[in-house]
Amino acid sequence: MKDSIKQFKPDFDEASRRWEAYYQGEIIDRPVVLASTPKRDYSGTKPNGISYFDKVFSDMEAIIDKALLIAESTFYGGESMPQLFLSFGPDEIAAYCGGELVFSEDSPNTNWSKPFVEDWESALPLRIRDDNALWCRLLKFHRKAAEKLQGRLLLTVIDLHTNMDLLSAVRGPENLCLDLYDQPEMIDKAMESARALFPKIWNSIREAGKMDEYGYVSTFFSKHGAATLQCDFSCMISPEMFKRWVLPALEEEAGYVNHALYHWDGPGALKHADALIASKGLHTLSFVPGAGNGASIDYLDLFKKVQKGGKGVMVWGTSEQIKIM
């Protein structure tokens with residue numbers, strides 16, 4: 001692995017040591033820093049990014065070749081790693097369970113899943129069928145990429161909108177909100193079903209992408225497992241509902257992925273701060289304020305509270321803001 005990835009990341013060994021120190025709660029001489037940028041001296045044509053639409057509908061070999069060109073034209077500074085993100089979209093897990101991914105011609109780099117659950121009684125348990133066309137493409141894509149890249153690029157763990165985000169995608173957020181009040185016992189069953197899918201998803205992806213051999217990347221890098229977990233739907237529920245349904249699922253997922261980053265999205269989710277800080281298994285909390293809500297540097301008191309509670313933090317900003325933080 002080391003010799004191949006060094007084609008694009010010559011300081012791979014040093015970056016790996018910094019990541020491992022971070023997981024142990026230690027700092028070698030500075031915090032872990034992620035910074036990638038187009039190379040100034042690259043003389044070739046700089047390719048555009050790879051959209052969700054491309055990954056769902058375009059030729060796999062062509063996309064892998066394009067990813068290599070992107071890596072060749074990119075400087076990976078700090079602890080950032082050369083990578084290829086093969087996710088098909090935020091709601092892809094719902095699509096693997098029988099939903100339909102919907103694209104807009106105006107937004108090729110995002111999509112959503114059309115809800116299909118009319119009533120939970122007839123829809124449960126949720127399943128990923130082994131003959132689901134999109135699921136089969138995902139696994140084939142990971143196998144093909146792992147074989148061709150041979151560790152030169154690491155495969156990024158897909159969008160894991162699991163747990164209650166999955167329920168929201170298959171049922172629709174408005175209907176799910178009503179269900180939480182009208183039939184909470186049925187939501188217990190639905191969450192149990194959703195949680196049962198996670199090991200299949202995680203193990204299938206890591207095996208197809210040979211991640212145990214080449215390494216894991218999902219913002220984090222680790223040789224032993226790393227992923228970003230989340231529940232964007234949490235902004236719509238109370239702390240009591242979060243503790244009943246979401247937190248146990250997140251802690252369970254964290255046990256599978258080894259090093260877990262929690263993508264904590266928007267001011268509406270700040271009400272869950274105490275539960276997240278006290279959680280088991282979530283190594284780092286990454287609060288994202290969202291458009292119009294300031295930048296990471298405006299939430300330093302929150303980040304200090306998280307660190308005091310024993311968890312790492314991920315912050316974003318300009319080079320000057322990062323120096324201050």
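Begin by selecting strand S10 (residues 259-265) and strand S11 (residues 282-288): the two run parallel and are joined by six bridges, where strands count as paired if DSSP finds at least two bridges between them. Helices (H or I, at least four residues) and strands (E, at least two) are DSSP runs, numbered from the N terminus. The model on screen is predicted, with local features requiring pLDDT of at least 70 and side-chain atom pairs pLDDT 80 or more, whereas totals for chains, interfaces and linings use all residues. Residues are numbered from 1 along each chain as its sequence is written, and side-chain values use heavy atoms, with hydrogens and water left out.

Within this pair, pick His263, which stands opposite Ser286 in S11. S10 is mostly covered, five of its seven residues being buried; here buried means under 20% relative accessible area, exposed over 50%, and partly exposed in between (1.4 Å probe, protein chains only). Add strand S9 (residues 226-230), which pairs with S10 in the parallel sense over five bridges, and find Thr228 opposite Leu261 in S10.

Now show helix H12 together with S9 and S10, since these elements make a right-handed β-α-β unit; right-handed here says that, with the strands pointing away from the viewer, the path from the first strand over the helix to the second runs clockwise. Along H12 (residues 239-257), stop at Val246, where a kink of about 40° lies shortly before the proline Pro248; the bend at a residue is the angle between axes fitted to the seven residues ending there and the seven starting there. Val246 is also among the buried residues of H12, which include Trp245, Leu247 and Glu253. Just after the helix, Asn258 takes a positive phi of about 80°.

Move next to helix H9 (residues 173-182), in which Leu176, Asp179 and Leu180 are buried. Seen down the axis of H9, these residues fall within an arc of 105°, so they line one face of the helix, the arc being that of the directions from the helix axis to the C-beta atoms. Turn to the other side of H9 and you will find Glu174, Leu178, Tyr181 and Asp182 exposed. The cover over the buried residues includes helices H6 (120-123), H8 (163-171) and H10 (184-208), as well as H12, with contact taken as heavy atoms within 4.5 Å.

Several of these covering helices lead to local backbone features. Asn163, in helix H8, has a phi near 40°, a positive value in a residue other than glycine, and is buried with a relative accessible area of 0%. In the loop between H10 and helix H11 (211-214) lies Lys210, which has a positive phi of about 50° although it is not a glycine, and which is partly exposed at 31%. In the loop between H6 and helix H7 (133-149), select Pro125: the peptide bond to it from Leu124 is cis, with omega near 0°.

Two side chains close the tour. Asn111 lies in strand S5 (residues 107-114) and is buried, with a relative accessible area of 4%; a polar atom of its side chain lies 2.8 Å from the backbone oxygen of Phe88. Leaving out residues up to four places away in sequence, Asn111 touches residues including Tyr52, Pro90 and Phe103. Asp298, by contrast, is exposed, with a relative accessible area of 51%, and is found in the loop between S11 and helix H14 (300-308). A polar atom of the Asp298 side chain lies 2.8 Å from the backbone nitrogen of Ala295.

Note on methods:
A polar contact is a pair of N or O atoms within 3.5 Å; within protein, one must be able to donate a hydrogen and the other to accept it, and residues adjacent in sequence count only if both atoms are side-chain atoms.
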